[in-house]
Amino acid sequence: MKKYLSEILENEEFTTDIFLVSAIEKIAKTGKKYITGEVLDKTLKLKFNLWNIENRTLEKNCYYSFTGKLEKYNNSFQINLFKFSKKNEKNIDLLDFKKSTDLNIENLYNDLLNILSAIKDPFYKFLADEIFVKNEDFIKNFKNSPAAEKVHGAYIGGLLEHSVNIAKMAEILVNFYNEFYFFGKLSKDLTVIGSLLHDIGKMWEYDYHGALIKTTKKGELLGHIYMSSNLINDLANKYKAKFPDCDIDEKLIKLIHLVLSHHGKLEFGAPVVPKIPEAIIVYHLDNIDAKMINFLSNTKNAVEEFTDRNFVHENARLYNIFLDEKRRINYES
Ligand SMILES: [Fe+2]
Ligand SMILES: [Fe+2]
């Protein structure tokens, strides 16, 4: 049975397939040359050292069968690599390397449909159905899309999860502020559809290439803020005539404003800052969800008490609240 990196115990000798992220030659204090780098599978990224290099080379961005031992050094785990052989991508099950959300993708999609079923505004409902219900290929792509290369939700289902998370929290916040302060003036429909669509352009921004998520050419040159707003604008203009009695322009401007302002600040890539309460909610929830999912991804399978410095959290070293629950705590005994 395939053994994933997160299943290997301290001092266990193992053989498993990995993807080589990096490998560089270094010289130890003793003057001995060695190769060090990082490997990953869908569960974990680990450092490795190859002490006996004997003219052997390792090529990054390739798959290998690794035989080694997992050892603890300075409170972190690394592989002491004994043997390796390169593997052809054809002989690799890529699903062993593509990460996926821990949540059930079909359940998340059903949650999205439930949220949509509560939208009353005919224009927003029509847009939501066009995008999230009618086009099977589109839905399949959406369910598979990551939310980022690295920062948060960098896995299959990451975009769906992030969008649904924000929509669920948005419902709660709109209800709260409407009840006590805005007396029904906040549009739940706008906030919810804006939450679901704010990052929709990420479908074309990122792509899995083997074990790595990469930014596409469209992603680099256009970015998801433009691609999200463009999709909405195109659809709205195409079907405008269907809604003669409805003030589409006002609704469209507000929805596009939510998309354009969701990064909150000009220096974070937002062409405008949030100027209506619904956009303020989406901006803050986007930030919260990105940070919480980033925290989870960096701590859940990690074995150290503190993470490396993390730019998403003001360069903080995050405290791993999961450590006590891990099997690795047994190593201490
Ligand atoms: Fe975004
Ligand atoms: Fe987002």
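Which residue follows α4, and what is the sign of its phi? Phe183 comes right after that helix, with a positive phi near 45°.

1. Ground rules. This is a predicted model, where local features need pLDDT of at least 70 and side-chain atom pairs count only at pLDDT 80 or more, while totals for chains, interfaces and linings use all residues. Residues are numbered from 1 along each chain as its sequence is written, and chains are lettered from A and ligands numbered from 1 in the order in which they are written.

2. Overall. I see nine helices and nine strands (DSSP runs, H or I of at least four residues for helices and E of at least two for strands, numbered from the N terminus). The C-alpha atoms fit a box of roughly 75 × 40 × 35 Å along the principal axes. Of the 333 residues, 32% are buried (20 or more other C-beta atoms within 10 Å of the residue's own, with C-beta atoms placed from the backbone).

3. The barrel. Five strands close up in the order β1-β2-β3-β5-β4, with mixed pairing (a pair needs at least two DSSP bridges). On average, neighbouring strands here are turned by 50° against each other, direction ignored (axes being lines fitted to C-alpha atoms). β1 (residues 13-27) and β2 (residues 33-40) run antiparallel, joined by eight bridges; Ile24 sits opposite Thr36 in β2.

4. Helix α4. Buried residues in α4 (residues 158-182) include Gly158, Leu159, Leu160, Ala170 and Val174. The buried residues of this helix pack against α1 (105-117), α3 (136-144), α5 (188-197) and α9 (277-299).

Terms used. Buried ≥ 20, exposed ≤ 12 C-beta atoms within 10 Å, placed from the backbone. Axes fitted to C-alpha atoms, helices over the stretch in contact; angles between N-to-C directions. Contact = placed C-beta atoms within 7 Å.
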